[in-house]
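Me: I am new to this structure and would like to get to know it. Could you show it to me, and then take a few questions?

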Amino acid sequence: MAVMIPALLRGFVGAICAQAALRRLTPSALRHLTLSSVMKSKRKTDHLERTADVVRREVVSAAKVCGAADESPSVKRLRLLVADKDFSFKAGQWVDFFIPGVSVVGGFSICSSPRLLEQERMIELAVKYTNHPPALWIHNQCTLDSEVAVRVGGEFFFDPQPADTSRNLVLIAGGVGINPLLSILRHAADLHRERANKGRGYEIGTIRLFYSAKNTGELLFKKNILDLVNEFPEKIACSLHVTKQTTQISADLKPYITEGRITEKEIRYHISKETLFYICGPPPMTDFFSKELESSHVPKEHIYFEKWW
């Protein structure tokens with residue numbers, strides 16, 4: 001049974017994490033942890049092998065688990081304290097996830113915004129239960145104060161600079177593919193708040209999220225998403241799709257739910273020269289929508305996708 005710590009987001013947990021971070025893994029322990037994991041990671045489907053040619057940062061940072069909670073029946077959310085000031089990421093990127101005693105390296109997208117790391121030295125991950133050793137460890141053995149190490153990688157990100165041209169975003173997610181897109185959504189909301197409050201910074205266009213899962217129970221981060229939609233109705237909209245819903249949909253979700261898969265017609269409606277498309281989900285889904293967009297004459301440099309197995 002997975003360990004659940006309900007106080008994940010409460011203030012006193014942050015204090016516990018800050019104290020725990022003082023007992024950081026030593027550099028030699030980090031080297032042993034990462035090198036032994038790389039050497040023993042042999043399977044063709046391993047994260048390290050699939051992403052061998054992808055750009056990574058050099059920094060490997062110690063992290064402490066400061067909380068865990070069930071995001072859905074099959075997905076566990078982790079909050080990690082990363083005290084290392086050299087650790088940073090761009091919205092949409094993932095981490096190599098090194099676990100002491102586990103020879104296989106995990107690869108998990110960050111679902112929190114860069115702003116959370118800047119302000120609290122925290123990142124969040126959401127990991128689906130599978131038989132893959134890192135996921136098994138997270139669901140069955142991970143506890144408060146567990147020590148891990150993380151390294152940022154990935155070429156799938158949204159990181160506009162203040163003077164960049166304003167862009168609309170269309171985010172297309174399937175299942176746990178919501179993770180990097182939620183990071184992008186949260187980052188876009190932070191940029192919009194900054195411009196509204198300070199009168200400067202990057203000017204974000206409109207953001208439309210299309211998100212599909214088996215049922216409403218597996219639609220992750222529903223409250224977080226709808227809170228942003230309600231905070232910025234002029235900027236952010238979402239269309240939540242369920243493909244195998246067997247129970248009644250709650251009244252608060254009904255206005256946002258469509259039964260059935262995301263269709264190419266819905267996506268084509270939002271094509272414009274100012275729009276960037278970010279797609280993350282199972283390979284068949286990312287292949288389908290990236291090809292559909294290309295056939296609709298969207299420039300390749302406006303289509304970004306990430307595949308997770």
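Me: Welcome in! Which strands help cover the buried residues of α5?
Reply: This is a predicted model, where local features need pLDDT of at least 70, side-chain atom pairs count only at pLDDT 80 or more, and totals for chains, interfaces and linings use all residues. Residues are numbered from 1 along each chain as its sequence is written, and side-chain values use heavy atoms, with hydrogens and water left out. Helices (H or I, at least four residues) and strands (E, at least two) are DSSP runs, numbered from the N terminus. The cover over the buried residues of α5, judged by contact (heavy atoms within 4.5 Å), includes β2, β3, β4, β5 and β6.

Me: Which residues of α5 are buried?
Reply: Buried means under 20% relative accessible area, exposed over 50%, and partly exposed in between (1.4 Å probe, protein chains only). Helix α5 spans residues 133–140, and its buried residues are P134, A135, W137, I138 and H139.

Me: Why do the buried residues of α7 line one face of the helix?
Reply: In α7 (residues 222–231), I225, L226, L228 and V229 are buried. They line one face because, seen down the helix axis, they fall within an arc (taken from the directions from the axis to the C-beta atoms) of 155 degrees.

Me: Which residues are exposed on the other side of α7?
Reply: The buried residues of α7 pack against α6, β8 and β9. On the other side, the exposed ones are K223 and N230.

Me: How many bridges join β3 to β6?
Reply: Strands pair if DSSP finds at least two bridges between them. In β6, A149 stands opposite F98. Strands β3 and β6 run antiparallel, and the bridges joining them number five.
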